[in-house]
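Student: I would like to learn how to read the features of a model like this one. Could we take them one at a time?

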Amino acid sequence: MNDMNVAKFIDDRPDAGVFRVSRALFSDPELFALEMSHVFEGGWVFLGMSSQAENPHDFFTTTVGRVPVLVTRDKEGTLRAFVNSCPHKGARIASQPSGNAGLFVCPYHSWSFASSGECKAVKWESAGSYGAGFKQDDHNLKEIGRFGEYRGFLFGSIAADVAPLEEYLGEARHMLDLAADQSDEGLELVPGRVRFTFAANWKMQLENCSDQYHFTSTHPSLIKVLERRAREKSEAVVESSLSGADFWKGMKTDDIVAGSYSFENGHVVTWGKMEANPSLALFERRDALVEKFGPERAAWMFNMRNLTLFPNVQIAVNAATQLRVIRPLAPNLTEMETWCLVPRNESAEARRQRIRQYEDFFNPTGMAIADDNAVYEECQAGMADRQNAWLQGHARGLAATAQGGDALSQAIGMNPQRSISGTSQLADETLFQSYYREWTRRMGEVLA
Ligand code: FES
Ligand SMILES: [Fe+2]
């Protein structure tokens, strides 16, 4: 552990206009173990949506770093998050992704637990000749260190000594509000989850969701299909996820059509201008949204915007909305779980349109995600080089970055730490710096 100094991985010298990241950050196995304990198990992470456990006794399971987690709604309706591990000998007491259970019976020796976490029975307890120590032990499931909800989004921390959830979300919460405000009844997930892996480091995904620079290079087949649909004026034009985007039309213009904001605690969002138009499922609610929230806030709801809440959740909005949860498995292996995030009670027609757009772009079977996964693996191969350690992918946009917000962020009362906006070809890469500054903060003294 003697050469684990942060300077080996991140070269952050703002006064000199330098920000560089080392290839080792994406491939060092020792560092990966520290990331699990400090970045993922040492602070707030996204767990899921409250709609995933809607009714009493509903539950879902997830993982925080290496720790299995069980989220339940007890019979009184309170959401709780537990370490999904039996106090007896450690077995996971729930192995299904989700379900409904008033009683969880451990598969190994049948200790049983209520959805409130209370131990209901230790099998054959009275015949077991236990000593006094065992009788004094608490046999209930252990709640994780911290657990909280913001507008249907559930977050937890294995470590208890963390700032309150509101502080962790900070100004980035405005972006969650833009999603949650789309329906008076809140958000839900389209049933059916998608899980896939790619053979690369988790931070590839972290960066890619906010990487506007790669779009025209990595996704030529998607672009060709969109162009063909437009040329043929086929019915599918209405359904294509990006055909209505002004940032897309503006690829060769000088207009300010895209940008990014960086927030406290490692959160970032990239945005691209998109007018409300009938190709968007949300268009049916445009007038109601303008009336309720005013024209500027309503306009934001139609913009393309890719939000990352450090370290493990991304909400990608371009027509359809994708919820992405990042789960690192190894330095060079990452599991993704993705969902179509929707406003409740939209019309059947809007829901149909939204799901078609989602499939078009987002699914591993769609036209964009498979491209991204392929380039992550290309990058990972190159991370083996230690002779030329420093990557050059975090400097673009540095001279255009401004402290604080701008007119667009002010329009929704949002105060980011930094902002940048420009043509579609500016394609800022400095917002990734926020990830690595928060990464450094969470890693703390282990890298001192
Ligand atoms: S490990 Fe759960 S009852 Fe034995
Ligand atoms: Fe992409």
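**Domains and a metal site**

Tutor: The protein is divided into domain 1 (45-150) and domain 2 (170-442). Keep in mind that this is a predicted model.

Student: How many residues does the contact take from domain 1 and from domain 2?

Tutor: The centres of domain 1 and domain 2, taken over C-alpha atoms, are separated by 35 Å. Domain 1 gives 10 residues to the contact and domain 2 gives 17 residues.

Student: What area do domain 1 and domain 2 bury between them?

Tutor: The size of an interface is often given as the accessible area lost when the parts come together. Here domain 1 and domain 2 bury about 1,100 Å², with 58% of it on carbon and sulfur atoms. On the domain 1 side, Phe46, Met49 and Tyr150 lose the most area to domain 2, together 47% of what that side buries. The count between the two domains is one salt bridge.

Student: Which residues coordinate the iron ion (ligand 2)?

Tutor: His214 and His219 each coordinate the iron ion through NE2, and Asp372 does so through two OD entries, at 2.1 to 2.4 Å. His219 lies in the loop between helix 7 (215-218) and helix 8 (220-232) and Asp372 in helix 14 (residues 369-382), so the pair ties together parts that are 153 residues apart in sequence.

Student: Why is the arrangement around the iron ion (ligand 2) irregular?

Tutor: Ideal angles at a metal are 109.5 degrees for four tetrahedral donors. The four donor atoms here subtend angles of 57 to 143 degrees, which makes the arrangement irregular.

Student: Does His219 count as buried or exposed?

Tutor: His219 counts as buried because its relative accessibility is 1%. Asp372, at 5%, also counts as buried.

Note on methods:
Residues are numbered from 1 along each chain as its sequence is written. Chains are lettered from A and ligands numbered from 1 in the order in which they are written. This is a predicted model: local features need pLDDT of at least 70, side-chain atom pairs count only at pLDDT 80 or more; totals for chains, interfaces and linings use all residues. Side-chain values use heavy atoms; hydrogens and water are left out. Donors are N, O and S atoms within 2.8 Å of the metal (3.2 Å for Na, K and Ca); water is not among the atoms, so sites may look incomplete. Four donors count as tetrahedral if all angles lie between 85 and 135 degrees; four count as square planar and six as octahedral if opposite donors are over 155 degrees apart and all others between 65 and 115; anything else is irregular. Helices (H or I, at least four residues) and strands (E, at least two) are DSSP runs, numbered from the N terminus. Buried means under 20% relative accessible area, exposed over 50%, partly exposed in between (1.4 Å probe, protein chains only). Domain bounds come from an automatic or database domain assignment. Contact means heavy atoms within 4.5 Å. Buried area is the accessible area (1.4 Å probe) that two parts lose on being put together, summed over both. A salt bridge is a side-chain nitrogen of Lys or Arg within 4 Å of a carboxyl oxygen of Asp or Glu.
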